[in-house]
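Q: Could you take me on a close look at the ligand site in this model? I'd like to know what surrounds the ligand and which side chains make polar contacts with it, and then hear a little about the rest of the structure.

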Amino acid sequence: MAGARHAKADTLALRLRLLSSSCRLFFPEAPVKIVRGQGQYLYDEQGAEYIDCINNVAHVGHCHPLVVQAAHEQNQVLNTNSRYLHDNIVDYAQRLSKTLPEKLCVFYFLNSGSEANDLALRLARQYTGHQDVVVLEHAYHGHLSSLIDISPYKFQHLDGQKEWVHVAPLPDTYRGPYREDHPDPAVAYANEVKRVVSSAREKGRKIAAFFAESLPSVGGQIIPPAGYFSHVAQHIRRAGGLFVADEIQVGFGRVGKHFWAFQLQGEDFIPDIVTMGKSIGNGHPVACVATTQAVSRAFESTGVEYFNTFGGSPVSCAVGLAVLDVLEKEQLQAHASYVGSFLMELLQQQKEKHPIIGDVRGVGLFIGVDLVKDESTRTPATEEADYLVSRLKENCILLSTDGPGRNILKFKPPMCFNRDNARHVVAMLDAILTDMEEKLRSCETLRLQA
Ligand SMILES: Cc1ncc(COP(=O)(O)O)c(C=O)c1O
């Protein structure tokens with residue numbers, strides 16, 4: 001049943017009583033009740049319209065009619081597991097294969113990004129016969145036990161780093177050890193991975209895989225320097241491991257120039273495994289792992305069946321196919337390039353105006369605005385970011401700083417986000433920052449007068 005059945009206060013009270021507080025709300029002090037979504041907009045129970053700059057799951061837009069229709073039509077005919085022959089699953093695999101390098105030609109279908117990364121881990125371990133994993137600082141790869149173990153963002157608050165997990169520095173040219181003035185940050189950061197791998201091997205550890213988001217989003221909307229992944233892949237493969245590109249947040253045309261974010265790293269780079277989720281089902285639980293024949297054959301050689309009750313169902317694949325159709329028909333990849341560049345330009349202008357904006361980085365509709373207390377120290381302006389996000393929400397703009405670096409505004413809107421939306425969001429950002437600066441100045445004057 002759609003819409004609101006309870007008054008907002010009652011919904012909140014029921015939620016607090018019945019759901020674990022580990023399941024957090026956005027804006028916990030003043031949560032928003034959303035009852036409807038369309039395109040890049042969300043609507044609350046009073047009919048207020050919010051621009052959604054957060055939701056990279058509703059990739060082609062909330063409730064896109066063609067996606068909804070595809071699910072509905074297939075639901076009326078058949079939805080069962082993938083043990084029967086069905087055209088949807090093979091058509092979907094074929095369509096996905098056309099977007100990927102030829103080598104990545106075997107597909108597994110699942111229901112969530114976590115399932116995809118967990119399977120990637122199993123594939124890598126089976127193929128290599130090794131157990132260990134190298135990950136990047138602050139990474140998050142999913143909520144299953146196996147993935148919490150390879151997610152520094154989570155495990156640092158739990159039982160800590162397991163002996164089979166090795167953490168390399170984020171290739172962050174704004175805050176990391178090798179910055180924008182370094183002559184070759186790609187090689188310098190890849191050498192850090194080499195160092196981590198060597199030190200693990202000296203302890204007798206054997207590397208099964210390197211996992212990284214192709215653009216570390218959880219880690220702070222980081223754009224790894226081009227060439228970094230190729231160098232990392234060399235070090236990892238030399239140690240017998242595989243390269244897993246987590247495209248769960250960043251794939252499917254979001255970066256504009258390419259369909260996959262790993263392609264930003266150069267033509268010569270091909271991961272051994274690509275994991276997809278979130279956006280590929282536009283809100284329906286669809287996920288996928290793509291890998292090579294060799295990796296897949298090693299997995300098959302155990303003789304153990306891979307069975308997933310819902311993964312690759314006719315409905316999920318119909319939804320997946322419809323998302324690809326919409327991306328093509330509405331040319332959303334090119335749109336992401338065009339609107340993303342415009343948004344970057346507007347944000348760069350704000351950087352010139354407001355010293356709190358330390359860095360604006362991004363590609364396509366994947367953009368980060370790094371707020372700093374001081375330009376020279378680059379100290380994160382976390383409280384200011386919290387304040388800004390809550391003021392934007394009061395002005396019906398939903399933006400998030402989720403992740404370990406809570407000073408980074410993360411723009412990952414649905415791909416139909418347009419230039420008018422960009423203008424409006426940036427004008428509001430400008431107004432709030434100007435107001436914050438005025439308030440700070442008058443506090444300063446009062447302090448000096450006292
Ligand atoms: C980069 C990345 N990988 C994996 C996952 C896990 O996906 P899911 O929540 O669909 O299991 C997430 C979820 O936020 C993610 O951001």
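A: Happy to! First, a term we will need: a polar contact here is a pair of N or O atoms within 3.5 Å. Please also keep in mind that this is a predicted model.

Let's start with the shell. The ligand is surrounded by 14 residues, and the closest of them are G113, S114, D246, Q249 and K278. By class, this shell holds three nonpolar, eight polar and three charged residues. Helix α4, residues 113-128, supplies the largest share of the shell, with three residues.

Now for the side chains that reach the ligand. Q249 places a polar side-chain atom 2.8 Å from an oxygen atom of the ligand. K278 also has a polar side-chain atom 2.8 Å from a ligand oxygen. With D246, the ligand partner is a nitrogen atom, which sits 2.8 Å from an N or O atom of the D246 side chain. Taken on its own, the ligand has 390 Å² of accessible area, and the protein covers 84% of that.

Moving on to the pockets, the second largest one has a volume of about 310 Å³. Its lining consists of 13 residues, with T11, L12, R15, V32 and K33 nearest the centre. Helix α1, residues 8-18, gives the largest share of that lining, four residues. Sorted by class, the lining of this second largest pocket comprises six nonpolar, three polar and four charged residues.

Aromatic rings are another thing to look for on your screen. Across the whole structure, a search finds 15 aromatic pairs. One of them joins F229 and F269 in a tilted arrangement, with 5.4 Å from centre to centre and 55° between the planes. This pair links distant parts of the chain, 40 residues apart: F229 belongs to helix α8 (residues 228-238), while F269 is in the loop between β8 (242-246) and β9 (273-276).

Finally, a word on the backbone. Most residues other than glycine have a negative phi. C63 is not a glycine, yet its phi is positive, about 50°. You will find C63 in the loop between β3 (49-52) and α2 (65-77). R378, not a glycine either, has a positive phi of about 60°. Look for R378 in the loop between β12 (366-371) and α12 (382-394).

Methods:
Residues are numbered from 1 along each chain as its sequence is written. This is a predicted model: local features need pLDDT of at least 70, side-chain atom pairs count only at pLDDT 80 or more; totals for chains, interfaces and linings use all residues. Side-chain values use heavy atoms; hydrogens and water are left out. A residue is near a molecule or strand if one of its heavy atoms lies within 4 Å of it. A polar contact is a pair of N or O atoms within 3.5 Å; within protein, one must be able to donate a hydrogen and the other to accept it, and residues adjacent in sequence count only if both atoms are side-chain atoms. Accessible areas come from the Shrake-Rupley method with a 1.4 Å probe; for residues, only the protein chains shown count as cover. Helices (H or I, at least four residues) and strands (E, at least two) are DSSP runs, numbered from the N terminus. Ala, Val, Leu, Ile, Met, Phe, Trp, Tyr, Cys and Pro count as nonpolar, Asp, Glu, Lys and Arg as charged, and the others, Gly among them, as polar. On a 1 Å grid over the protein atoms alone, a cavity is a set of points where a 1.4 Å probe fits but cannot get out, and a pocket is an open set with protein on both sides within 12 Å along at least five of seven lines; lining residues have an atom within 4 Å of a point. Grid points are joined across faces, edges and corners, and a volume is the space filled by probe spheres set on the points. Rings of Phe, Tyr and Trp (its six-membered ring) pair if their centres lie within 6.5 Å; planes under 30 degrees apart count as stacked, over 60 as edge-to-face and the rest as tilted.
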